[in-house]
Amino acid sequence: MKTKFTTDTKLESEIAYFENINLKLESGDTIDSFKLAFKTYGKLNTDKTNAILVCHALTGDQYVAGNNPITGREGWWSRMVGPNKPIDTNKFFVICSNVLGGCAGSTGPKELQNGSDVAYGGNFPSVTIKDMVKAQSLLIEGLNIEKLFSVIGGSMGAMQALQWAIDFPDKILNIIHIAGALKHSAQNIAFHEVGRQAIMSDPIWRNGKYFENNEVPERGLSVARMIAHITYLSENAMHRKFGRKLQSRDIISFGFDADFQVESYLRYQGKSFVERFDANSYLYLTRAMDYFDHDETFRKNIEFSHNPNNHLKYLIVSFTSDWLFPTIESKIIVNQLNSLSREVSFLEIDTDKGHDSFLLEEPQLDDVIKGFLTKNFAKIDE
Amino acid sequence: MNKINSIRKDWSLIETLIAEDRKILDIGCGDGGLMEQLENNRNAITHGIELNRDLAANAIARGFNVVHGNAELDLSQYSNNSFDYVILSQTLQAMMKPKDILSELLRIGSKAIVSFPNFGHWKIRLQLLMSGKMPVTESLPYTWYDTPNIHFFTIKDFLNLCNEMNIVIEKSIGLTSKGKQFDISESVTGVNFFTHEAIFLLSYKNFEPIKIKSSKKVFAKNSVIAN
């Protein structure tokens, strides 16, 4: 397989093209050709031992650090990835790609169907976390990297990291799994379903064909984002941040304006999300998370894999106030790995910032990621 | 002997009980000090479990395999005989169910190393006798109402429990309060009186694993103890 690479100047991204590759998806569908948009940071060393793949969460993209040209803001994990940061790009070669089904340059519902001038929209095949990881593995192969030093991700990124450990243990040395789980819980599916219903009941959505009129189901997508955003926070964090404070007024209006700061904040989150994210992509990616389930199979997959995985090291991190992916979910993974005598470290960080903690200022998270990477890299460097 | 020195002394004695290239679980591993020592000096593969969040975070940041968790709840996740040694240093007296912990140590590990302060030491006996109040000493420096040490026991108590549980004491080291070291099993009289701290290397009596063969794996089970 020969991978073609180009640079997209508008997206400020590298694009990898995989042509006539007939990527077989978990659903049974195939995609003939696809592309992945990705960014790299730092330099690959001569032995190619310092490559780290960072996997983004549901609404993330390849702009993990530096400037994001779509939003005009800093990359989503720029506090973690960069020179002298915990994931130090002076030392490591960091790769981050937009997932298959995403909307920041990789093949997804927003992109044109092969050989036509119409976008996929609702015709895009269903993709799963496993499919995303398969596509990423082709990118790593295309970059001529035999082995990744580490795969790191939070939330949906953690799902991908875990999938890497299951599907390609021979191509990685360790994973850092933050705020994730073996499965997407019923409650999580329920929240995603409400979000999808909000999008699909927007009359502008029109079975996913809104792009034909150059329209966007803004109301539906922003409501979906508002709901999701609540699940990323915690009651304590909301209380600390907003309480019952009023927004730009001294007394309540006895109407339905955004009287409260928390309302105004959520409306802003919804509105700004619409400007950067594709509604169909949101449907597909939330579905991919819903389908993620290794609850019954993880232990067996690790124990009886035909692919040796004894060498893998795991760092699992959870947060006390994360009710979307609570600590118990992480502990299930840790227990199963320990029962198989695998090398696993686990920390539950005490914070009130909820699921989103992994994106925010958490010194202990920085410390354990930096230490875990540094010490394990020193071991292979010996 | 202050607290830190006492721990270091404890560690160096534990090290003498451990062979090269073994797999070790350190329960209550703190920030990984003993794990580091055993990796460096014994080429050990180490795992740790630590209840205190900050200490666990430090240990992980220093690159050790450490699980943040509670030994009284989380030991069940480890498989039978998955370690060569399981170490419980200076913590047995702080456990809710010391007997259960002891049997867990020997389920998970082929051998267990347990160290504890001896409540039968003459200074402690004297304090209780003379003052009529619960003793407060250098190795047990807490008042009765805020001590983490909830199960006080003497060397004699420990030996009796081991006997009851069919546990073999392979080696035992005693330390006087002056730091003088001796072999507990060889000193017959006054051991329980003069031992300030004790370290035991334990295993099960006449241990014979039953091997159950399946097509995929061999399972070892230590359910039978032949007398």
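Is A:K134 buried, exposed or partly exposed, going by the other C-beta atoms within 10 Å? That was my opening note, and I kept in mind that I was reading a predicted model.

**Entry: A:K134**

I found A:K134 in helix α1 of chain A. I counted 19 other C-beta atoms within 10 Å of A:K134, so I wrote it down as partly exposed. A residue is called buried at 20 or more, so 19 leaves A:K134 in the partly exposed class. I then looked along the chain to A:F256, which lies 122 residues from A:K134. The C-alpha atoms of the two are separated by 47 Å.

**Entry: two asparagines with positive phi**

I stayed in chain A and followed α1 (129-142) to the loop that leads to β12 (148-154), where A:N144 is found. A:N144 is not a glycine, yet I read a positive phi near 60° for it. It has 9 C-beta neighbours inside 10 Å, so I marked A:N144 as exposed.

Next I turned to chain B. Which loop holds B:N43? I located B:N43 between α2 (33-42) and β2 of chain B. B:N43 also has a positive phi, about 50°, without being a glycine. I noted 11 C-beta neighbours inside 10 Å, and B:N43 therefore counts as exposed.

**Entry: strand β2 of chain B**

From that loop I moved on to strand β2 (residues 45-50) of chain B. How many of its 6 residues are buried? I got 5, so I call the strand mostly covered, since buried takes 20 or more other C-beta atoms within 10 Å. β2(B) runs parallel to strand β1 (residues 23-27) of chain B, and 5 bridges join the two. I picked out one residue to follow across: B:I27 has B:I49 of β2(B) as its bridge partner. A reminder to myself for viewing strands: side chains in a regular strand alternate between the two faces of the sheet.

**Entry: helices α3 and α7 of chain A**

How do α3(A) and α7(A) run relative to each other? I looked at helix α3 (residues 186-200) and helix α7 (residues 279-291), whose axes come within 10 Å and cross at roughly 160°. Angles over 145 degrees count as roughly antiparallel, so that is how I describe this pair. The crossing of α3(A) past α7(A) is left-handed. On the α3(A) side, the contact is made by A:I189, A:H192, A:G195, A:R196 and A:I199. On the α7(A) side, I listed A:A279, A:Y282, A:L283, A:T286, A:M289 and A:D290. Sorting these contact residues gave me 6 nonpolar, 3 polar and 2 charged.

Key:
Residues are numbered from 1 along each chain as its sequence is written. Chains are lettered from A and ligands numbered from 1 in the order in which they are written. This is a predicted model: local features need pLDDT of at least 70, side-chain atom pairs count only at pLDDT 80 or more; totals for chains, interfaces and linings use all residues. Axes are lines fitted to C-alpha atoms, for helices over the stretch in contact, and angles run from 0 to 180 degrees between N-to-C directions. Helices (H or I, at least four residues) and strands (E, at least two) are DSSP runs, numbered from the N terminus. Angles under 35 degrees count as roughly parallel, over 145 as roughly antiparallel, 65 to 115 as roughly perpendicular and the rest as oblique. A crossing is left-handed if the near helix is turned anticlockwise from the far one by less than a right angle, and right-handed if clockwise. Two residues are in contact if their C-beta atoms, placed from the backbone, lie within 7 Å. Ala, Val, Leu, Ile, Met, Phe, Trp, Tyr, Cys and Pro count as nonpolar, Asp, Glu, Lys and Arg as charged, and the others, Gly among them, as polar. A residue is buried if 20 or more other C-beta atoms lie within 10 Å of its own, exposed if 12 or fewer, and partly exposed in between; C-beta atoms are placed from the backbone. Two strands pair if DSSP finds at least two bridges between them.
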